[in-house]
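Let's walk through this protein together, one question at a time. Have the structure open beside you as we go.

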Amino acid sequence: MAKNQKITAAYEIAKERYAAYGIDTEKVLAAMQDFHLSMHCWQADDVAGFESTGDLTGGIQATGNYPGKARNIDELRADILKAKSLIPGTHRLNLHEIYGEFGGKKVDRDEVGVEHFQGWIDWSKENNTPLDFNSTSFSHPKSGSLSLSSPDKAIRDFWVEHTKRCRDIADAMGKAQNDPCIMNVWVHDGCKDLSVNHYMYRAFLKDSLDRIFAEKKANMKDCIEGKVFGIGLESFTVGSHDFYTAYAAANGKIPTIDTGHYHPTESPADKVSALLNFVPELMLHVSRPVRWDSDHVTLKDDPTQDLFFEIVRANALDRVHYGLDYFDGAINRVGAYVVGSRAAQKCMLCALLEPIELIRKYELEGSTYKVLALLEECKGLPWGAVYDEFCERNNVPAGTDWMAEVDKYEKDVTSKR
């Protein structure tokens, strides 16, 4: 792709503007090359997967019926690769267990094995896309309202076995790619109405997790994800944030901060510095909640920007894993991939461009007005010119030029499904 002289000229001006505040934009661009998003496979098909044709159940739902969603594994992979081609940098792919290659056979979730994901492991190598993984407790006859915390031991044993097998798969992925596979455990468990057995359910969940994590794995890392509530399970959540925070701190596990899983007035960004004082690492699931865990496409809004500011300010770049988690079936799904991914990148870029050492100095001197003034000034600095340069260096369309590619892909590919 030919160099865009206007982008180059704008970048040179931006470079000087940031240098005045002690920021080396070349170092920032180098850091951005090492910022890898874990793209979520379920945006391409509204969390349907390839296990069954049933509806989503278990505290989760997708909305919208935009035409052209991926109907099989080949279409899913094609959509992901198209989206990746429009996102600068190199990135990972996050899979749910229901996206295995089952060959049209019935493979129950306590029977799944590495062989059902060997095709993904091969695809990962061919496309320079390391894999992350998730167990899948929803949309199954044995899901009900309670899985790992069910009072029925047979149900618990089923889901314990499923999750153990998922850890085996994640370990095989990590070994094949010579890079740890980050595996997330989220279960929907809860109660629709009032319950008096909170302690019992949580004791069962703790025991199930203890059994799942009993075997150490060398090539994967375990994450556990809490939530305020699930759809149809509004009154009580077994795996609350308090439960998983305590479990992670006590057992050296990675908490997952899903930006849609908190009360609307609660700040996920504030969790970063609090948790990192007690746990080794963090996993992010970045989405945009609109009044509830609606998983709208990520934007460069204040909550998302604050999250990335907190990571950089905590000097935690190497302690955080960056996943996306939205599934909007109401709009062009490839376009949604690109919008959300680039928005997350822009948030990280702005965080890296912040003259934090100068701001820290003002704060410690007690010059509060200077802190406010500089934070406000940063909002108007030409970070967009730096992002355009980042796109140029990665041979990816800058600005909105990528939209023509998405429209052409829809006309040529997805509209014919």
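Q: Which helix gives the most residues to the lining of the second largest cavity?
A: Keep in mind that this is a predicted model. The second largest cavity holds about 80 Å³ of space, and 13 residues line it, with Gly-68, Asn-332, Arg-333, Val-334 and Thr-414 nearest its centre. Two elements give two or more residues to that lining, helix 10 (333-353) and helix 14 (402-412). The one that gives the most, with 3 residues, is helix 14.

Q: How many charged residues are in the lining of the second largest cavity?
A: Let's sort that lining by class. It has 5 nonpolar and 3 polar residues. The number of charged residues is 5.

Q: What is the volume of the largest cavity?
A: A search of the whole structure turns up 3 cavities of 30 Å³ or more. The largest cavity has 19 lining residues, and Ile-60, His-96, Trp-186, Glu-225 and Asp-325 lie nearest its centre. By class, its lining divides into 7 nonpolar, 6 polar and 6 charged residues. Its volume is about 190 Å³.

Q: In what order do the 8 strands close into a barrel?
A: Strands of a sheet pair through backbone hydrogen bonds, either parallel or antiparallel. Here the pairing is parallel. Neighbouring strands of this sheet are turned by 30 degrees against each other on average, ignoring direction. Going around the barrel, the order is 1-2-3-4-6-8-9-10.

Q: Which residue in strand 10 stands opposite Leu-284?
A: Strand 9 covers residues 282-286 and strand 10 covers residues 320-324. These two strands pair in the parallel sense over 5 bridges. Opposite Leu-284, in strand 10, stands Tyr-322.

Q: What angle does the direction of helix 5 make with that of strand 4?
A: Helix 5 (residues 153-177) packs on the sheet. It touches strand 2 (92-96), strand 3 (131-134), strand 4 (181-185) and strand 6 (220-225). With the direction of strand 4, the direction of helix 5 makes an angle of about 160 degrees.

Q: Which helix gives the most to the lining of the largest pocket?
A: The largest pocket contains about 590 Å³ of space. Of the 35 residues that line it, Gly-260, Pro-289, Trp-292, Asp-293 and Ser-294 are the closest to its centre. The helix we want spans residues 302-313 and gives 3 residues to this lining, and it lies across strand 9 and strand 10, at about 165 degrees to strand 9. That is helix 9.

Key
Residues are numbered from 1 along each chain as its sequence is written. This is a predicted model: local features need pLDDT of at least 70, side-chain atom pairs count only at pLDDT 80 or more; totals for chains, interfaces and linings use all residues. Side-chain values use heavy atoms; hydrogens and water are left out. On a 1 Å grid over the protein atoms alone, a cavity is a set of points where a 1.4 Å probe fits but cannot get out, and a pocket is an open set with protein on both sides within 12 Å along at least five of seven lines; lining residues have an atom within 4 Å of a point. Grid points are joined across faces, edges and corners, and a volume is the space filled by probe spheres set on the points. Helices (H or I, at least four residues) and strands (E, at least two) are DSSP runs, numbered from the N terminus. Two strands pair if DSSP finds at least two bridges between them. Axes are lines fitted to C-alpha atoms, for helices over the stretch in contact, and angles run from 0 to 180 degrees between N-to-C directions. Contact means heavy atoms within 4.5 Å. Ala, Val, Leu, Ile, Met, Phe, Trp, Tyr, Cys and Pro count as nonpolar, Asp, Glu, Lys and Arg as charged, and the others, Gly among them, as polar.
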